[in-house]
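This briefing goes through a structure by topic, from single residues to cores, cavities and whole chains. Please keep the sequence and the 3D view at hand while reading.

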Amino acid sequence: MVCESWKEKLDTYLDGELQDQDMRTFDVHVRTCPSCSADALERVQMKRAIQVAGKRFTPTAEFRSRIQKSIATKPRRSFQLGWILATAATVILVAGALTSAYLGNRSARDLAYQNHVLSEIADLHVETLASSSPVDVISTDRHTVKPWFQGKIPFAFDLPELKNSEFSLLGGRMTYLDQAPGAHLIYDVRKHHISVFVFQERSVPARLEEDSVAPKKLSFNMETWSQGGLRYFVIGDASAADIDSLAKLFKAGS
Amino acid sequence: MPLFDQLYNFAHWLTQNREEAEDLVQETYVKALKGFSSFQLGTNFRAWMYRILRNTFLTSRTGLKATMTVPLDSDEDGPELAVEHETPETLLFERSNREQLQRTIDDLPVYFREVLLLCEVEEMSYQEISETLSVPIGTVMSRLSRARKTLRDRLRPHPQVGTTTPAIAKGTNYGL
């Protein structure tokens, strides 16, 4: 049978789990073999269908609230997990309080949405940094990272040139915000990790203020803006000035 | 809360019941907080959380019932051969039937369901899945391969009633 030995490894190839050399060899083969490329396409479609179908269940707001309360009453917060959870909870609460003042004339519903989005962004940032493999594409080269997102997210965006800046790109990964796919980039500045999230504006449920900057008292500094139909979030424990500098690089480069 | 939505989604897939999924997630967070000293810094936090959730599930009544059949981790199916015309994938997309796919995943044995979801939905690497399920990477690969094959077989339309894959239909270990 044609390509039998290739097809045995097709799923492993599509999962990105072959060795680098094998991946390259497979790339070349798939591009030149109609049978394997058709098979690969079908399996990729199946992977995507499972990915979409698999994001099926969402916890209720009541359950989320119950868990937050039950965790808040646990005494052993000195553990790192406790710290992470407490940080996330703090972000939610403080973001709620401060953004209420900051956006005084916004409706309660918009504020609730905004708090939800900001806390989700903070969670995504914390969760990713807690992982031993925070990025799926590891590269300092924006010309490597940007194409990696091709076909994975339904939009394109530009990464800024970092020459003559203190920032360095560590890599990127796919992420989701309320089931909407987006890009998550991680930058480094003086050993601080900063996350940059990019989503389609229409997929972000909250109507966020243009160029809204989260107040400095938050555990994390955060900046968000909309540009070219995309919604950007920059978040990290670096200084507000660093967050702003990185945001400006993106604004200039997009 | 870290991983809250993802853990809930995974728990619901495992338990197939909202209340049980909520109990499972709650117990997972409680155990994680109590047992954080057992988490080794530098290791995979996500895999650790999923492992707690899964182990909690496996010892629950629903989990014990769902895992009565033990998977046989051999790779005796042989390579899959190309299908020239109608494939489960093309039929699936022609019908755009996400619900059918969800039902089919629901009907998979739990060992197949969990490995498939961890790989495709959580986008875990084989290494992470191996840590989560506490099985060797080779087992992850063979189990994943058989899960996908079973899913494709079940999505493939059958010309006659009662012609499903014999091993699976009979519920034998070989099918798993």
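## Briefing

Outside its neighbours within four places in sequence, Glu128(B) is in contact (heavy atoms within 4.5 Å) with Ser133(A), Asn44(B), Arg46(B), Ala47(B) and Glu123(B). This is a predicted model, in which local features need pLDDT of at least 70 and side-chain atom pairs count only at pLDDT 80 or more, while totals for chains, interfaces and linings use all residues. Residues are numbered from 1 along each chain as its sequence is written, chains are lettered from A and ligands numbered from 1 in the order in which they are written, and side-chain values use heavy atoms, with hydrogens and water left out.

**Glu128(B) and its surroundings**

- Glu128(B) sits in helix α8 of chain B; helices (H or I, at least four residues) and strands (E, at least two) are DSSP runs, numbered from the N terminus.
- With a relative accessible area of 5%, Glu128(B) is buried; buried means under 20% relative accessible area, exposed over 50%, and partly exposed in between (1.4 Å probe, protein chains only).
- Its contact partner Glu123(B) belongs to the loop between α7 and α8 (126-133) of chain B.
- Glu123(B) counts as partly exposed, at 32% relative accessibility.

**Positive phi angles**

- Most residues other than glycine have a negative phi.
- Glu123(B) is not a glycine, yet has a positive phi of about 50 degrees.
- Lys191(A), also a residue other than glycine, has a positive phi near 70 degrees.
- Lys191(A) is placed in the loop between β3 (180-189) and β4 (192-200) of chain A, and is exposed with a relative accessible area of 79%.

**Helix α7 of chain B**

- Helix α7 (residues 110-120) of chain B has 11 of its 11 residues buried, so it is largely enclosed by the rest of the structure.
- The buried residues of α7(B) include charged ones by the class rule (Asp, Glu, Lys and Arg count as charged; Ala, Val, Leu, Ile, Met, Phe, Trp, Tyr, Cys and Pro as nonpolar; the others, Gly among them, as polar), namely Arg113(B), Glu114(B) and Glu120(B).
- Also among the buried residues of α7(B) are Val110(B), Tyr111(B), Phe112(B) and Leu116(B).

**Nonpolar cores**

- A nonpolar core is a set of buried Ala, Val, Leu, Ile, Met, Phe, Trp, Tyr and Cys residues joined through side-chain atoms within 4.5 Å.
- The largest such core has 54 residues, and those with the most contacts inside it are Val25(B), Tyr29(B), Met49(B), Leu53(B), Leu101(B), Ile129(B) and Leu151(B).
- Apart from the largest core lies another, of 27 residues, which includes Val137(A), Phe149(A), Val196(A) and Val198(A).
- Not counting residues up to four places away in sequence, Leu151(B) touches Met46(A) and Ile50(A) in chain A, and Leu101(B), Thr104(B), Ile105(B), Leu108(B) and Leu116(B) in chain B.

**Cavities**

- A cavity is a set of points on a 1 Å grid over the protein atoms alone where a 1.4 Å probe fits but cannot get out; lining residues have an atom within 4 Å of a point.
- Grid points are joined across faces, edges and corners, and a volume is the space filled by probe spheres set on the points.
- The count comes to 3 cavities of 30 Å³ or more, and the second largest has a volume of about 50 Å³.
- The second largest cavity is lined by Asp11(A), Arg43(A), Met46(A), Lys47(A), Ile50(A), Glu120(B), Arg148(B), Leu151(B) and Arg152(B).
- This lining divides into 3 nonpolar, no polar and 6 charged residues.
- At least two lining residues each come from α4 (34-54) of chain A and α9 (137-155) of chain B; α4(A) gives the most, with 4 residues.

**Leu10(A)**

- Leu10(A) is in helix α2 (residues 10-14) of chain A and counts as buried, at 0% relative accessibility.
- Beyond four places in sequence, Leu10(A) is in contact with Phe26(A), Cys36(A), Asp39(A), Ala40(A) and Arg43(A).
- From C-alpha to C-alpha, Leu10(A) and Val30(A) are 9.5 Å apart, with their positions 20 residues apart in sequence numbering.

**The two chains**

- Chain A has 9 helices and 7 strands, whereas chain B has 10 helices and 0 strands.
- Buried residues make up 49% of the 254 residues of chain A and 52% of the 176 residues of chain B.

Terms used:
1 Å grid on protein atoms, 1.4 Å probe; cavity = no way out; pocket = protein on both sides within 12 Å on 5 of 7 lines; lining within 4 Å.
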